[in-house]
Amino acid sequence: MDSNSKIFVAGHNGLVGSAIVRHLEEQGFTNIITVSRFECDLTDQNAVKIFFMMEQPEYVFLAAAKVGGIGGNSNYKGQYFYENILINTNVIEAARQAGVQNLVSFLSTCVFPDKVSYPLTVDQVHQGDPHDSNYPYAYAKRMADIQIRAYREQYNINYTSIIPSNIYGPNDNFSLEHGHVMPMLIHKLYLAKKNKTDFIVWGSGKPLREFIYSKDIAKIAEWVLFNYKGTDPLIVSGDEEISIKDLVGILVDEFKFKGKVRFDKTKPDGQLRKPSDNSAIKELMP
């Protein structure tokens, strides 16, 4: 590991990418490559190929994606599939052509089948259809795993994937339409307190989720990039599940919100729970 290694962080403005950039800078890395969408559209195959040939990165974090919560996944199914499968395909292929030494791609626990045994394990990823609420995004992300596996077998490269649980932290997407559960709840609660209105939460509050802080993901991702030699994706999650109702209670306390909390049961819950097996990463990084 050389602090002067050229490391490209795709998606550096997002939740995961920005956390990785901050972490690398804290660790003394001095040659971090970033690019805006206006400078290089990662859905444009030719633009990505030219960018890689010009910059010649040695390592890549593929954190760029078109992401969202239940609302975004439900309303923009075609767009989510199209953009994500192009981003993954273009970046991984350009990295191979440019001789990138290693690449870490980020998947999501939503790639797992809807009907699955718990806890989630990597051998189950392709054993059934994803949940209907986010299947286009999930299938596009699954294809990154397939592409990496195929490239390992044909080109003998060491690229790999991380499957994180719900990530939260600075630079999250706080959109009320496209955001994930944590930032969307924070934004809704902020507005409810500001406007003195009810705090309305989608669904029943019963679903259980695992959360992990973006800084922890960045630290683990750096270790994986330089040290992991395995062939399977690595599940990265905390040890506890928390219900949306309990999460809402924590946020209400933090905001000192005194108004009424209402759960809108006409809105979808999504999957009831997605507990994951993090034993592999815990064994590698005790």
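This report covers two helix packings, one buried aspartate and one loop glycine in a predicted model.

## Helix H6 against helix H8

Helix H6 spans residues 181-195, and helix H8 spans residues 244-255. The two pack at an angle of about 45°. Their axes lie 11 Å apart. An angle of about 45° falls outside the ranges for roughly parallel, roughly antiparallel and roughly perpendicular, so H6 and H8 are oblique to each other. Their crossing is right-handed.

Which residues of H6 meet H8? On the H6 side they are Val 181, Met 182, Leu 185, Ile 186, Leu 189, Tyr 190 and Lys 193. On the H8 side they are Ile 244, Leu 247, Val 248, Leu 251, Val 252 and Phe 255. By class, this contact has 12 nonpolar residues, no polar ones and 1 charged residue. Lys 193 is the charged one.

## Helix H1 against helix H7

Helix H1 covers residues 15-26, and helix H7 covers residues 214-227. The axes of H1 and H7 come within 8 Å. They cross at roughly 65°. This crossing is right-handed.

From H1, the contact uses Leu 15, Val 16, Ala 19, Ile 20, Arg 22, His 23, Leu 24 and Glu 26. From H7, it uses Ser 214, Lys 215, Ile 217, Ala 218, Lys 219 and Glu 222. The class count for H1 with H7 is 7 nonpolar, 2 polar and 5 charged residues. Arg 22 and Glu 26 of H1 are among the charged residues. So are Lys 215, Lys 219 and Glu 222 of H7.

## Asp 145 in helix H5

Asp 145 sits in helix H5, which runs over residues 135-155. Is Asp 145 buried or exposed? Its relative accessible area is 9%. The cut-off for buried is under 20%, so Asp 145 is buried.

The side chains of Asp 145 and His 126 are joined by a polar contact of 2.8 Å. Leaving aside residues up to four places away in sequence, Asp 145 touches Leu 107, His 126, Ser 161 and Pro 233. His 126 is thus both a touching residue and the polar partner.

## Gly 230 in the loop after H7

Where does Gly 230 lie? The loop that holds Gly 230 is between helix H7 and strand S10, residues 234-236.

Gly 230 touches Arg 152 and Asn 158, with residues up to four places away in sequence not counted. Gly 230 and Tyr 159 are 71 residues apart in sequence. In space, their C-alpha atoms are 9.6 Å apart.

Notes: Residues numbered from 1 in each chain as written. Predicted model: local features only at pLDDT ≥ 70, side-chain atom pairs only at ≥ 80, totals over all residues. Heavy atoms only, no water. Helix = DSSP H or I, 4+ residues; strand = E, 2+ residues; numbered from the N terminus. Contact = heavy atoms within 4.5 Å. Axes fitted to C-alpha atoms, helices over the stretch in contact; angles between N-to-C directions. Parallel < 35°, antiparallel > 145°, perpendicular 65-115°, else oblique. Left-handed = near helix turned anticlockwise from the far one by under 90°. Buried < 20%, exposed > 50% of the residue type's maximum accessible area, 1.4 Å probe, protein only. Polar contact = N/O pair within 3.5 Å; in protein donor to acceptor, adjacent residues only side chain to side chain.
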